[in-house]
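Reader: I would like to go through this structure with you and ask how some of its labels are earned. Could you take me through the reasoning?

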Amino acid sequence: MSSGTESGTEKKGTGRTGQRLFIGGEWAEPADGYYEVINPATEEVVGLAPEASRAQVYEAAGAAREAFATWSRTRPEERAAILDRAADLIQRDFAAHAALAREESGATTGTARGMQVAVGAARFRRYARGALEPVEEAVAPQINEAGPMGRAGVFGALAVRQPVGVVTCITSYNNPWANPAGKVAPALAMGNTVVVKPAPQDPLSVYRMAEALAEAGIPPGVVNVVTGSGPEAGEAAVDSPDVDMVSFTGSTAVGQRIAEVCGRGMKRQLMELGGKGAALVLDDADLDSAVAGIGTTFSFYSGQICTAPTRVLVQRGLHDRLIEKLAGYAARLPVGDPADRGTVVGPVISAAHRDRIEAYVELGRKEGARVVTGGERPDRTGHGFYVAPTLLAGCTNDMRVVREEIFGPVVVVVPFDDEEEGIALANDSDYGLLDYVWSGDVARAFRVARRLRAGGVGVNTIGRNMEAPFGGFKKSGVGRDVGSYALHAYSETQAIVWPG
């Protein structure tokens, strides 16, 4: 092992860079060797990620448990200072971090810089302030008459938010900076300690985050990072007896399995799961605005985002024009190497995921959908895991391509006749993460939005307020985070009562 303030990488005999685990403030050799992290655009090896054994994951959780007693009692100002310094250090090495994120995730340069690393640094900065937010809230006094519970009196009460304990953070592959930072920073701000288990496809950026935290002065054991190419490391990070809470972003199917384990141990959960965002385009909508918003599914990280408006429900009067404009939008998007300045659509994360998306498009054909644009693999040099932006029309709400999360640059369109039918179609889904409404009548749009069974609704926008609560209804998740809501998610509420 080596000091936590040193680099976590070393050169192996292959000449490639081997990443070490971060456990208890030390960089540890993985017990089960290494696996290759592949660049989705070039299919070249970006680096070697460590394969943690179950025992090493348990060791990481044990280190977090040991560190919790001290870290949970540190002054908020001390926690804030460390998170602020981490943000400074991430910003210092911004260009290198963005290049690595692009290489291992396949994101375009603009996305890697603006939506991954920059957002990651901003979240550390936000929760440095969050560490200083009040954790005590006065409860109105209550007058009690004399009785079996004691003498009469006026009883005061205080609600106090306390850290949960050891939090396992299992992060998604679609954003190796913003997603982990959105878990780790508020958890640390509240006084928790963490075990981070990144997605296997792009874990190297999370180790750079750990290096920044170590350099910023995070005490040993407060942050631990373990990885693995299969499910074993994640399973151990969930079932370890030292873990009090699991924060997970990923598929609903995996989230359900994690929830079963958490239920047996009564572990707290924060689950941000799948989505099939409905975009209701009403007959008085600004069509260009709607197309620009929906079209981001084709471009932003190749549709690999759970909040994408992938399920378009359009009132019949606008249906044909919407199809025409969306097809034109998709056709104008440059598909290519994420490193090229002009690229808008890069690859998806892996060959397996590309094949899965293509299988859904073929399924859509068999179900009777019409492929308006896309549907074929882009004409590339043979390297990279590319999927053409694809638009499916002639869809009905019972089709699997309409009901299931595809998680790629595929948009499906379903027509409806009136507002009531549109709302019913939007709510007829297993998911309820983010929906969208486009209407020229803002009062109408808000009325419709209030009836949607989704954790969030965008009205004439796909933009988000990063202080607003984020999370899903139904199979899209459990709990809320972002802004101060994340501080609540990573805390337990304690009541303190006294006689006046």
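Author: Gladly; what follows is a set of labels and the values behind them, taken from a predicted model.

Reader: What makes Asp283 and Arg444 a salt bridge?

Author: Their side chains come to 3.0 Å, N to O. The cut-off is 4 Å between a side-chain nitrogen of Lys or Arg and a carboxyl oxygen of Asp or Glu, so the pair qualifies. Asp283 sits in the loop between strand 15 and helix 9, and Arg444 in helix 15, so the pair ties together parts that are 161 residues apart in sequence.

Reader: Why is Arg444 called buried, and what is Asp283 called?

Author: Buried means under 20% relative accessible area, and Arg444 has 12%, so the label fits. Asp283 has 42%, which falls between that limit and the 50% above which a residue is exposed, so Asp283 is partly exposed.

Reader: How do you know that Arg365 and Glu362 form a salt bridge, and how far apart are they along the helix?

Author: The N to O distance is 3.3 Å, within the 4 Å cut-off, so they count as a salt bridge. They are three residues apart in helix 12, a separation of about one helical turn. Each is partly exposed: Arg365 has a relative accessibility of 34%, and Glu362 has a relative accessible area of 34%. Elsewhere, Asp283, Asp284, Glu419, Arg444 and Arg447 are joined into one network by salt bridges that share partners.

Reader: Why does Lys183 have no salt bridge?

Author: The nearest side chain of opposite charge, Asp481, is 5.5 Å away. The limit is 4 Å, so Lys183 has no salt bridge although it is buried. Lys183, which lies in helix 5, does make a side-chain polar contact with the side chain of Ser247 at 3.0 Å.

Reader: What makes that a polar contact?

Author: Such a contact needs a suitable pair of N or O atoms within 3.5 Å, and the Lys183 and Ser247 side chains are at 3.0 Å.

Reader: How do you know that strand 9 and strand 25 pair?

Author: Pairing takes at least two bridges, and nine join these antiparallel strands, so they pair. Gln162 stands opposite Glu492 in strand 25. The open sheet has the order 8-9-25.

Reader: Which are the edge strands of that sheet, and what makes them so?

Author: Strand 8 and strand 25 are the edges, as each pairs on one side only. From one strand to the next the twist averages 25°.

Notes
Residues are numbered from 1 along each chain as its sequence is written. This is a predicted model: local features need pLDDT of at least 70, side-chain atom pairs count only at pLDDT 80 or more; totals for chains, interfaces and linings use all residues. Side-chain values use heavy atoms; hydrogens and water are left out. Helices (H or I, at least four residues) and strands (E, at least two) are DSSP runs, numbered from the N terminus. Buried means under 20% relative accessible area, exposed over 50%, partly exposed in between (1.4 Å probe, protein chains only). Lys and Arg count as positive and Asp and Glu as negative; His and the chain ends are not counted. A polar contact is a pair of N or O atoms within 3.5 Å; within protein, one must be able to donate a hydrogen and the other to accept it, and residues adjacent in sequence count only if both atoms are side-chain atoms. Axes are lines fitted to C-alpha atoms, for helices over the stretch in contact, and angles run from 0 to 180 degrees between N-to-C directions.
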